[in-house]
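Student: I have just opened this model and would like a friendly walk through it. Could we go step by step?

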Amino acid sequence: MNSKKVAFYTLGCKLNFSETSTIARSFKDEGFQRVDFKDNADIYVINTCSVTENADKRFKSIVKQAQKVNPDAFVAAIGCYAQLKPEELADVNGVDLVLGATEKFKITDYLNDLTKNDFGEVHSCEIEEADFYVGSYSIGDRTRAFLKVQDGCDYKCTYCTIPLARGISRSDTMENVIKNAKEIAEQDIREIVLTGVNIGDYGKGEFGNKKHEHTFLDLVTELDKVEGIERLRISSIEPNLLKNETIDLVSKSRAFVPHFHVPLQSGSNDILKKMKRRYMKELYVDRVFKIKEVMPHACIGVDVIVGFPGETDEHFLETYNFLNELDISYLHVFTYSERDNTEAAEMEGVVYKNVRAKRSKMLRGLSAKKRRAFYENQLGTERTVLFEGENKEGYIHGFTENYVKVKTPWNPELINTLHKVNLTKIDEDGLVRFDFVKALVS
Ligand code: SF4
């Protein structure tokens, strides 16, 4: 019996969270005991992200945090940043092991000898070798489960390093996704969030080849039938891959909730072309109209990048006005930053950092305005809330099916329950108060 303790830290997206969970389960199978990252552990595993702002600084401070608790602990780095910059991570003081995209799921094989090294040992691969699929889902960390259905991306957006960090687009088999969803349902989890890099591309590489055996529509159709899952949420989906049929299915669905997160990146067609996105802004408008036509109460989140090379004041204003007029609910604003080995990093028309910051601030202001307007629109309506597990300053929070964030005084009995509520007012902190109507699932 292994009595060693292991702790995990995840940076980045839901996909990383789902993979950390799967890796943590493999440690459990080997007899390791999982502890919190702030507790004393023998091994600290950091699942890194290449998109994180100041990724190197963040990584160093997390390593330091681990070393402060146990200076003799073994520290391993995995994930996207570990694939892209293995040597850089290996050089960080205290790091013992760096595993690339093909090795991360075999991490326990590398831990027979936990002697600390003077420098990090790197086991990386060419990203072309990352052509196999490892299914993952997260459970137990949150009231929602993140279910990975797809990995990698074949698109070539000029600012993005994800294809370099995660490889080609490939999917889990439908059979396996359904099996995982049923396993999650058995664990008393109420909501599943589908995750992947480009989930609308689901089906590609499903049987290890490039042929689509199933489509994303097939996947959502089958998942909707899995009993025991109250809610299913499509996380982020490319606008060109969000088909009318999928929107119609969600509108009539048993479990899929009316919430879409659709990356736009820019409201200027000139910039979209430079980014090598696969749509023009007119298609985006069409998608928003279609969603709102069949689900007027749907929540629509938008990713947008400011300060892309060549983005003039006019381009930015075009984006601002485009979003201002569009019936969307909130924005995730990313400030463009140069990434090594991307086309955009070589482009002319670099936008000054202070201009990027100013544009980002303006869009964050617009996002707050949009969210407020969306919430106001929802007042007086009856919605279903799933309550989460954290006590934040005496309040428990939850989300409605259409992603309105609500709060009520802390009551642990509400954790992981579903209630029908009537949304009544918006508090000073921007969250929504409500009256209970009835308990649905407790
Ligand atoms: S769709 Fe574009 S931005 Fe998204 S992962 Fe693929 S290359 Fe990156």
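Tutor: Gladly! One definition helps before we start: two strands pair if DSSP finds at least two bridges between them. Please also keep in mind that this is a predicted model.

Student: With that in hand, how many bridges join strand β7 to β10?

Tutor: Strand β7 covers residues 144–148, and it runs parallel to β10. One place to look is L147, which stands opposite L194 in β10. Pairing needs at least two bridges. For β7 and β10 the number is five.

Student: Which residue of β11 stands opposite I192?

Tutor: Strand β11 spans residues 231–234 and runs parallel to β10, with four bridges joining the two. Opposite I192 you will find L232.

Student: Are the residues of β10 buried or exposed?

Tutor: Look at where the residues of β10 point: E191, V193 and T195 go one way, while I192 and L194 go the other way. Strand β10, residues 191–195, is mostly covered. Five of its five residues are buried.

Student: Let's move to another sheet. Which strands stand at the edges of the open sheet of six strands?

Tutor: The order of this open sheet is β2-β1-β3-β4-β5-β6, and the pairing is parallel. An edge strand has a single partner, so one of its sides is left without a neighbour in the sheet. Here those strands are β2 (33–34) and β6 (121–123).

Student: Within that sheet, what residue stands opposite F8 in β3?

Tutor: Strand β1 (residues 5–10) and strand β3 (residues 43–48) run parallel and are joined by five bridges. Opposite F8 in β3 is V45.

Student: Which strands does helix α1 touch, and what angle does its direction make with that of β1?

Tutor: Helix α1, residues 14–29, packs on the sheet and touches β1, β2, β3 and β4 (74–79). The direction of α1 makes an angle with that of β1 of about 170°.

Student: And what angle does helix α2 make with β3?

Tutor: Helix α2 takes in residues 55–69 and also packs on the sheet, where it touches β1, β3 and β4. Between the directions of α2 and β3 the angle is about 165°.

Student: What is the strand order in the open sheet of three strands?

Tutor: The pairing in this sheet is parallel. Its edge strands, β12 and β14 (330–335), each pair on one side only. On average, neighbouring strands are turned by 20° against each other, direction ignored. The order is β12-β13-β14.

Student: Which residue in β13 is the bridge partner of H261?

Tutor: Strand β13 covers residues 299–306 and pairs with β12 in the parallel sense over six bridges. The bridge partner of H261 is G301.

Student: What angle does helix α11 make with β13?

Tutor: Start with α10, which packs on this sheet by touching β12 and β13, at about 165° to the direction of β13. Helix α11 (residues 313–325) packs on the sheet too, touching β12, β13 and β14. The angle between the directions of α11 and β13 is about 175°.

Student: Now for helix against helix. Why does α8 count as roughly parallel to α10?

Tutor: Helix α8 (residues 244–252) and helix α10 (residues 281–294) have axes 10 Å apart. Angles under 35 degrees count as roughly parallel. The reason is therefore their packing angle, about 25°.

Student: Which residues of α8 make that contact?

Tutor: On the α10 side, the contact is made by R287, K290, I291 and V294. The residues of the contact divide into three nonpolar, two polar and three charged. From α8 come N244, I247, D248 and S251.

Student: One last residue: is Q265 buried or exposed?

Tutor: Q265 is found in strand β12, residues 259–265. Phi of Q265 is near 80°, a positive value in a residue other than glycine. Buried means under 20% relative accessible area. At 8% relative accessibility, Q265 therefore counts as buried.

Definitions and conventions
Residues numbered from 1 in each chain as written. Predicted model: local features only at pLDDT ≥ 70, side-chain atom pairs only at ≥ 80, totals over all residues. Heavy atoms only, no water. Axes fitted to C-alpha atoms, helices over the stretch in contact; angles between N-to-C directions. Parallel < 35°, antiparallel > 145°, perpendicular 65-115°, else oblique. Contact = heavy atoms within 4.5 Å. Nonpolar A, V, L, I, M, F, W, Y, C, P; charged D, E, K, R; others polar. Buried < 20%, exposed > 50% of the residue type's maximum accessible area, 1.4 Å probe, protein only.
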